[in-house]
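Biologist: I am new to this structure. Please show me the model, and let me ask how each label is earned.

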Amino acid sequence: MTSEGSNTTAITLRTPIKDDGFRLHQLIAECPPLDANSIYCNLLQCSDFAETGVAAEKDGDLVGFISGYTPPKKPETVFVWQVAVHEKGRGQGLAKRMLKEIVARDACKNVTHMETTITADNEASWALFRSFARDMGAEIVHHEHFEKDAHFGSQHDSEFLLRIGPFTT
């Protein structure tokens, strides 16, 4: 667990707990354009996948969250599912701090790569993961992974798979 932030209020990073599930659902609703998942899905992210997630609190409020998991066929990879930072937590490098917190965990001791998917127009996410890759001294490659027409029935923009690594945790 780490604490950083402005001189007046620190942001604490910690492992999620199941009691965070509903709060996570509310946080994502307050962070457009993030895709909302069911509350049940958010409960699983905060319980079954807690070791590869991180919750960020400020003054008792959930102001940031990253959900992730280790894909069964890629034990050397942590896949970042969703990054949420509330406006109360912005401007402090919180998203990158949360990414670094995840890869520093015991659950990621064998992780050498990070993956995520991002739409072409999500400039903030592209910048975040490029900056993380630079900090980790790792390369970044990407390709179209989930196509708008073939996989989303033309109802969601294509998602590009980013793969960062190798790096040492």
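The talk below goes from the cores to aromatic pairs, salt bridges and a surface patch.

Modeller: This is a predicted model, where local features need pLDDT of at least 70, side-chain atom pairs count only at pLDDT 80 or more, and totals for chains, interfaces and linings use all residues. Residues are numbered from 1 along each chain as its sequence is written, and side-chain values use heavy atoms, with hydrogens and water left out.

Biologist: Why is M98 called buried?

Modeller: Buried means under 20% relative accessible area, exposed means over 50%, and partly exposed is in between (1.4 Å probe, protein chains only). M98 has a relative accessible area of 0%, so it is buried. M98 lies in helix α3. Helices (H or I, at least four residues) and strands (E, at least two) are DSSP runs, numbered from the N terminus.

Biologist: What does M98 touch?

Modeller: Contact means heavy atoms within 4.5 Å. Not counting residues up to four places away in sequence, M98 touches L13, V54, A56, G64, F65, I66, A84 and V85. M98 and G53 are 45 residues apart in sequence, yet 8.5 Å apart in space, C-alpha to C-alpha.

Biologist: What makes α3 largely enclosed by the rest of the structure?

Modeller: Eight of its ten residues are buried, so α3 earns that description. Among them are L94, R97, E101 and V103.

Biologist: What makes a set of residues a nonpolar core?

Modeller: The members are buried Ala, Val, Leu, Ile, Met, Phe, Trp, Tyr and Cys residues, joined through side-chain atoms within 4.5 Å. The largest such core here has 30 residues, and M114, F129 and F167 have the most contacts inside it. Elements that each supply at least two residues of this core include β2 (10-14), β3 (54-58), α3 (94-103) and β6 (113-119). A second, separate core has nine residues, including L24, I28, C46 and F65.

Biologist: Which residues does F167 touch?

Modeller: V103, V111, T112, H113, M114, F132, M136 and A138, not counting residues up to four places away in sequence.

Biologist: How many aromatic pairs are there, and what makes one tilted?

Modeller: The structure holds five aromatic pairs. Rings of Phe, Tyr and Trp (its six-membered ring) pair if their centres lie within 6.5 Å; planes under 30 degrees apart count as stacked, over 60 as edge-to-face and the rest as tilted. Y69 and F79 are 5.3 Å centre to centre with 40 degrees between the planes, and the pair is tilted. Y69 is in strand β4 (residues 61-69) and F79 in strand β5 (residues 77-85), ten residues apart. F79 is buried, at 13%, while Y69 is partly exposed, at 27%.

Biologist: How do you know that the F132 and F167 pair is edge-to-face?

Modeller: The planes stand 85 degrees apart, with 6.0 Å centre to centre. F132 is in helix α4 (residues 123-136) and F167 in the segment after β8 (159-164), 35 residues apart. F132 has 0% relative accessibility, so it counts as buried. F167 has 5%, so it counts as buried.

Biologist: Why is the contact between R14 and E57 called a salt bridge?

Modeller: A salt bridge is a side-chain nitrogen of Lys or Arg within 4 Å of a carboxyl oxygen of Asp or Glu. The closest N and O atoms of R14 and E57 are 3.1 Å apart, and the pair forms a salt bridge. R14 sits in strand β2 and E57 in strand β3, 43 residues apart. R14 is buried at 15%, whereas E57 is partly exposed at 21%. R14, D20, R23 and E57 are linked in a network of salt bridges. By this rule the count comes to ten.

Biologist: What does the salt bridge of E115 and K74 tie together?

Modeller: Their side chains meet at 3.0 Å, N to O. E115 lies in strand β6 and K74 in the loop between β4 and β5, so the pair ties together parts that are 41 residues apart in sequence. E115 is buried at 4%, but K74 is partly exposed at 29%.

Biologist: What makes a nonpolar patch on the surface?

Modeller: Patches are made of residues with over 30% relative accessible area and no salt bridge: like charges are joined within 9 Å, nonpolar side chains (Val, Leu, Ile, Met, Phe, Trp, Tyr) within 5 Å. F22, I39, Y40 and L43 form such a patch, with about 390 Å² of accessible area together. Areas come from the Shrake-Rupley method with a 1.4 Å probe; for residues, only the protein chains shown count as cover. Helix α2 (residues 39-46) gives the most, with three residues. L43, placed in α2, has 33% relative accessibility, so it counts as partly exposed.
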